[in-house]
Amino acid sequence: MKADNEPAPRFGLRSFRAKFVLVVGGAVLFDLLLSGGLALWNVQKLSRDATSEVGEGLTTANQEYIRSYAESTALSVDLLLDRVHGDVKALAGVLQAQIDDPTRQQQVGATLSHEAPGSVKLVYDAQGDWAQNLPGAPSVVSVWGYLLGADHTPLPGVQQEIEDSTVIDLVAPTLMASGSSKLQMYYIGPKERPIFRTVPYTNQAQTFDKLYPGHNKAEFWEFFFPGIYGSWQQWTRDPASRPVPDDITQTAPYTDAITGKLIVSFFHPLWTHDRTGIAGTAGADITLDQLAEVVERVKIAETGFGFLTMSTGNVVAINPSGQAIIGLTSSSDAGTQGVTGLERSLRGSTQPAIASLPLDQNNDGVIQHIMLDNKGERVPYIVVLKRLKPTNLWSSGPIKSETMSVGIVVPEREIYASLFAAQESISRATNRILLFQIAAIVVSLLIVFAAVLGISKRITAGLRALAGAAQRLQSKDYSVRVSIPTRDEVGAAGIAFNRMAEQISFHTENLEQLVDERTRELGDANQEISALNEKLRDENVRLGAELAVARQIQMMVLPKQFELEAIPGLEIAAYMRPADEVGGDYYDVLQNGSRVKIGIGDVTGHGLESGVLMLMVQSVARALQEANELDPHQFLVRLNRAIYKNIERTNTDKHLSLAFLDFEDGRVTLSGQHEDVLVVRADGDVERIDTLDLGLPVGLETDISQFIDTRDIVFGSGDVIVLHTDGVTEAEDEDRRLFGFDRLCRSVQKRHGRSAEEIKTGIIEDLMAHIGIQKIHDDITLVIIRHT
């Protein structure tokens with residue numbers, strides 16, 4: 001009966017067709033989701049990369065723009081100040097030329113006084129106790145009461161100063177009309193005769209009386225500008241003491257007595273003919289409005305602004321809206337005397353980020369990102385500071401160097417507006433692509449699912465036939481056969497099923513005979529395994545006995561305690577522990593009369609071969625000692641030659657590091673290459689002796705005479721020598737940390753002054769505590785030698 005005649009099973013969740021659809025459909029779904037996911041990820045990555053590239057480009061461009069703006073603003077302020085400096089220097093140059101030529105100075109002064117008597121004729125003011133010329137002259141000259149005689153006229157020297165300074169009437173009006181805009185230009189006499197001549201004419205002395213009561217009874221320079229005159233006098237004695245190599249001195253902003261405006265003064269000291277004193281000063285004032293105009297012209301984005309600050313953080317110029325944004329408060333520094341300054345400091349800002357802005361050289365032109373509180377909202381801003389050229393500054397006290405800075409402040413949301421717009425555009429385009437990609441994946445899934453469902457019916461027809469036949473075979477109907485006309489894998493499975501059914505039928509009929517044959521085969525195999533196990537046990541017993549004998553022989557040849565105790569002048573304590581049944585470490589103590597030779601070595605590896613080589617070394621060393629070979633160099637050469645020939649005969653690849661200590665009459669000679677030798681002196685000092693240059697591993701070369709060297713070691717009473725193999729220093733704890741040479745040194749030092757046996761016992765206790773429950777991987781040998 002053919003399987004094709006059986007009814008097809010229903011399409012249930014447990015049917016092969018359902019599983020086929022689930023597996024194939026799941027695989028296709030996974031592939032589509034994976035490829036679609038990768039595509040979506042690539043789109044997003046391209047979007048992020050594009051956004052990043054655009055962002056970096058626009059960020060760089062915007063930051064460069066801000067830096068350039070700050071630099072250009074700083075250049076504008078520097079240019080304004082340079083123009084004022086130039087005008088002051090021009091006026092100072094004319095006055096200095098007059099001072100340097102006294103004859104011409106008097107002639108010019110006399111001529112101008114005769115032609116314009118209003119410039120030198122003064123009228124006394126009894127109420128103010130000062131004298132001043134009347135209006136109409138190009139300049140006003142004020143002379144304070146302590147510079148007047150009993151008749152209220154200027155003292156002779158002061159009158160000469162008035163006449164000599166009239167040259168300013170010729171020069172200052174022209175300079176006022178050209179160059180940068182200036183509030184006034186003036187000349188102030190030296191400390192002894194501080195007359196005050198100013199262009200243009202103002203009610204100078206009257207204004208001083210209102211703003212600075214008592215000024216007329218005080219020395220002018222120390223009252224208004226304390227410390228500035230002393231600094232200039234220092235310059236005459238030491239020109240290099242100028243903070244900035246320039247004669248111009250700039251004041252901090254202060255309130256002008258005449259106009260009431262905030263001004264900055266620029267002084268150029270005048271020198272006496274011999275350059276040893278101060279002959280007065282030329283000066284000019286500019287209003288703070290002129291500096292503020294340059295800074296307030298800053299316009300970046302919509303609300304970006306600029307400010308001008310001194311190195312102390314005091315803001316010289318800023319527009320009102322900018323002042324509110326960065327949280328500045330203004331106050332006047334009104335003292336008991338002198339000019340009144342302006343205090344509007346960044347350090348006193350209500351915005352912590354502004355109060356902590358660095359104003360040093362390292363932040364010149366650096367973009368700084370800060371957060372400012374704007375009506376309860378945290379708003380990101382960009383700040384860049386650009387330093388101006390340094391200048392000499394007076395601000396109540398000695399003149400010092402000052403470097404002002406131009407600051408630019410702009411909201412990030414404004415400066416990066418184009419960046420945000422570009423990023424938003426890229427984001428919208430990316431979202432559109434993602435939506436189209438997701439739609440394409442969904443359509444592909446629907447098409448594939450329909451195709452898989454249709455194909456599964458045809459593919460599973462043959463499988464259904466196989467399933468039906470298998471069920472009949474399970475019911476012990478061994479005559480069942482299937483007929484699948486396809487020539488694919490399902491057809492091949494049908495042929496294989498028919499052959500299997502035939503074999504099952506054959507084996508079922510001959511099962512008892514097959515079981516008997518298999519039983520006999522298993523019995524024969526079991527006997528063979530038993531015989532092999534018996535041989536293996538005998539071999540293990542034999543090998544264990546051989547290793548025990550080898551270990552016993554190895555321990556027998558080690559020095560006995562009574563031998564060590566019989567050596568005069570030395571205490572020797574030793575410890576050896578093989579890693580396996582037979583170790584590869586070597587140590588021996590050989591005595592020949594008054595000469596004692598102590599050897600220590602380490603054969604590569606461990607086990608039986610290493611132990612046999614150790615016994616060879618012990619035997620050869622003993623023979624050489626008995627042959628009275630006293631030369632340490634020849635001792636090692638001959639021992640190496642014998643060991644090398646034995647190694648060559650046994651065809652093994654072993655060799656060993658080996659060193660000897662020769663002790664006689666309190667002198668120790670070290671030879672051979674092995675681990676470092678530790679010497680602990682009677683006073684507790686520790687010495688570490690490297691043996692690398694004293695020899696070559698034994699058994700590598702037939703002749704090592706050219707490599708062997710010796711070294712004498714001072715070995716006094718109470719000194720201790722410690723010899724060891726690498727099994728000591730390379731022992732590991734559970735964290736794979738080595739015991740190490742430093743721990744060995746500390747362990748010996750801790751027991752300084754004790755006997756050799758106590759030192760040995762203490763070191764082994766420390767070593768075993770370090771190893772803990774870890775397996776010992778290498779032979780451990782330790783020899784302690786103490787000079788009594």
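Helices here are DSSP runs of type H or I with at least four residues, strands are E runs of at least two, and both are numbered from the N terminus. With that in hand, asparagine 628 can be placed in the loop between α16 and α17 (632-650). Please keep in mind that this is a predicted model.

**Around helix α16**

Let us begin with the helix that comes before this loop. Helix α16 covers residues 608-626, and its 19 residues should span 27 Å at 1.5 Å a residue; the end C-alpha atoms are 27 Å apart, so expectation and model agree. Many names appear on its buried list: Ser610, Gly611, Leu613, Met614, Leu615, Met616, Val617, Gln618, Val620, Ala621, Leu624 and Gln625. After α16 comes asparagine 628, with a positive phi near 60°. Asparagine 628 is not a glycine, and its relative accessible area of 47% makes it partly exposed, because that class lies between the 20% limit for buried and the 50% limit for exposed.

**Backbone features in loops**

Serine 396 also has a positive phi of about 60° without being a glycine. Its loop joins β16 (391-394) and β17 (400-402). Another loop, between β5 and α5 (204-211), holds proline 200. The peptide bond leading from valine 199 into proline 200 is cis, with omega near 5°.

**Four residues and their exposure**

| Residue | Relative accessible area | Class |
|---|---|---|
| Phenylalanine 30 | 55% | exposed |
| Threonine 309 | 0% | buried |
| Serine 396 | 57% | exposed |
| Asparagine 628 | 47% | partly exposed |

**A surface patch on α1**

Phenylalanine 30 belongs to helix α1 (residues 16-100). Together with Leu34 and Leu38, Phe30 makes a nonpolar surface patch of about 310 Å². An α-helix has 3.6 residues a turn, so residues three or four places apart point the same way.

**Buried sites**

Threonine 309 sits in strand β10 (residues 305-309). A polar atom of its side chain lies 3.4 Å from the backbone oxygen of glycine 313. Leaving aside residues up to four places away in sequence, threonine 309 touches Asn314, Val315, Val316, Leu346, Leu359, Met404 and Ser405.

Helix α3 (residues 156-164) has buried residues too, namely Val158, Glu161, Ile162 and Asp164. Their cover includes helix α2 (102-115) and the strands β1 (122-125), β3 (140-144), β4 (184-188), β5 (196-199) and β9 (278-287).

Notes
Residues are numbered from 1 along each chain as its sequence is written. This is a predicted model: local features need pLDDT of at least 70, side-chain atom pairs count only at pLDDT 80 or more; totals for chains, interfaces and linings use all residues. Side-chain values use heavy atoms; hydrogens and water are left out. Patches are made of residues with over 30% relative accessible area and no salt bridge: like charges are joined within 9 Å, nonpolar side chains (Val, Leu, Ile, Met, Phe, Trp, Tyr) within 5 Å. Accessible areas come from the Shrake-Rupley method with a 1.4 Å probe; for residues, only the protein chains shown count as cover. A salt bridge is a side-chain nitrogen of Lys or Arg within 4 Å of a carboxyl oxygen of Asp or Glu. Buried means under 20% relative accessible area, exposed over 50%, partly exposed in between (1.4 Å probe, protein chains only). Contact means heavy atoms within 4.5 Å. A polar contact is a pair of N or O atoms within 3.5 Å; within protein, one must be able to donate a hydrogen and the other to accept it, and residues adjacent in sequence count only if both atoms are side-chain atoms. The expected span of a helix is 1.5 Å times one less than its number of residues.
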